[in-house]
Amino acid sequence: MLPVITRRRFLLGLAATGLASRVPAVFAQGAERPITRPIPSSGQALPVIGMGTWRTFNVGSDPVLLDQRAHILEVFFERGGEVVDSSPMYGSAEAAMGRLTERLGRYDSLFAATKVWTSDGSATREEVERSEELWGVEQLDLMQVHNLLGWEGHLETLKAMKADGRIRYIGITTSHGRRHSEFARIMETEPLDAVQLTYNILDREAEERLLPLAKERGIAVIANRPYQGGRLFDRFQSHPLPDWAGEVGAGNWAEFFLKFIVSHPAVTCAIPATTQVEHMRENMGALYGKLPNADQRQRMIDYIGTL
């Protein structure tokens, strides 16, 4: 295949010459720096708050919805966000991300994480190429095997593609606490850069085995379902925050929930999803300021238990 100068490569080239450098507003204004965590396998620092696209970016070609999602994405990038996670399972979400990232000229800010989602273990390369085309990138940052579907065949191919420089990082995902035993066995034996799993203030099963194992093996952790699909707000947002919430850097419930997640020493990034600009601003607030220590994390759990 002939080499292709993709939009991302073009923009990165311009950035390297100083013609298209775009300093995020948050830095240009001298605001406090975002909280970051390194990917253990490379040391690359990532902001601890990313963005999911499940349901929220499956908007097809509706111009009104695309404009609204563009506004959300602009706030995300302006507030220092980088990691966006998607999947072929999420309908038109990957295509929307490609269209909107190009519209906003933000390929230089994007860390593109997506997934292989097919039971055909021999279709890995086709899945990767399809996602690259939809996102408008020549090289995806993180390619994950979605919910371990056909993981044996996919992971072998992804390892070879990483060795060839076709993708940067590889990983596996699970959600809703599924297949944790098998997930742990793969983490113990395969050279993974990242895992994605469900972790939030109520769903803490990952603390028992998966998070310590990730720390031990030097694997980045992306936390999905940080709000339990919105149910945490349904249950708790009618209650007041504790009067000590400011001590853990939380000014609203979104920051309370997210700072609990990203303060775990094994967690690299949480990926809340939203269709509301104001909610995106609240999510990105968790990228700054204080994080709770171990005693404060337990206090947060205890407080939730009283509501």
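The chain has twelve helices and ten strands. The model is predicted, with an average pLDDT of 90 over the chain and 90% of the residues scoring at least 70.

**Exercise 1. Describe the chain as a whole, and state which stretch has pLDDT under 50.**

Solution.
- Step 1. Burial: 53% of the 307 residues of the chain count as buried.
- Step 2. Surface: about 13,400 Å² is exposed by the chain, and carbon and sulfur atoms supply 50% of this area.
- Step 3. Contacts: when contacts between residues at least 6 apart in sequence are considered, 78% of them join residues at least 24 apart.
- Step 4. Confidence: residues 1-30 are the stretch where pLDDT stays under 50. The model has 39 contacts beyond four places in sequence for residues 1-30.

**Exercise 2. Determine the strand order of the open sheet of eight strands, and explain which strands stand at its edges.**

Solution.
- Step 1. The order is β3-β4-β5-β6-β7-β8-β9-β10, and the pairing is parallel.
- Step 2. The edges are held by β3 (51-52) and β10 (269-270); each has a single partner strand, so one side of each is left without a neighbour in the sheet.
- Step 3. At the β10 end, strand β9 (residues 220-224) runs parallel to β10 and is joined to β10 by two bridges. Here Ala223 stands opposite Ala270 of β10.
- Step 4. Elsewhere in the sheet, β6 and β7 pair in the parallel sense over four bridges, with Met143 opposite Ile170 in β7.

**Exercise 3. Decide whether the faces of β7 are covered or open.**

Solution.
- Step 1. In a regular strand, side chains alternate between the two faces of the sheet.
- Step 2. On one side of β7 lie Tyr169, Gly171 and Thr173, and on the other lie Ile170 and Ile172.
- Step 3. All of these residues are buried, and both faces of β7 are thus covered. The count agrees: five of the five residues of β7 are buried.

**Exercise 4. Identify the buried residues of α7 and of α11, and state what they pack against.**

Solution.
- Step 1. In helix α7 (residues 180-189), the buried residues are His180, Glu182, Phe183, Ala184, Ile186 and Met187.
- Step 2. These buried residues of α7 pack against α6, β7 (169-173), β8 (194-198) and α8 (210-217).
- Step 3. In helix α11 (residues 277-285), Val277, Met280, Asn283, Met284 and Gly285 are buried.
- Step 4. The cover of the buried α11 residues includes the edge strand β3, together with α3 (63-78) and α10 (253-262).

**Exercise 5. Classify two loop residues, Ser175 and Leu149, as buried, partly exposed or exposed, and describe their surroundings.**

Solution.
- Step 1. Ser175 is in the loop between β7 and α7. Its relative accessibility is 12%, and Ser175 therefore counts as buried, the cut-off being under 20%.
- Step 2. Leaving aside neighbours within four places in sequence, Ser175 is in contact with Asn147, Thr198 and Asn224.
- Step 3. Leu149 is in the loop between β6 (142-145) and α6 (151-163). Because its relative accessibility is 31%, Leu149 counts as partly exposed.
- Step 4. Leu149 also belongs to a nonpolar surface patch of about 350 Å², which is made by Trp54, Met89, Trp117 and Leu149. Membership in a patch requires over 30% relative accessible area, and Leu149 has 31%.

How values were computed. Residues numbered from 1 in each chain as written. Predicted model: local features only at pLDDT ≥ 70, side-chain atom pairs only at ≥ 80, totals over all residues. Heavy atoms only, no water. Patch = residues over 30% accessible without salt bridge, like charges linked within 9 Å, V, L, I, M, F, W, Y side chains within 5 Å. Areas by Shrake-Rupley, 256 points an atom, 1.4 Å probe, with all protein chains shown as cover. Salt bridge = Lys/Arg side-chain N within 4 Å of Asp/Glu carboxyl O. Buried < 20%, exposed > 50% of the residue type's maximum accessible area, 1.4 Å probe, protein only. Contact = heavy atoms within 4.5 Å. Pairing = 2+ DSSP bridges. pLDDT = per-residue confidence, 0-100.
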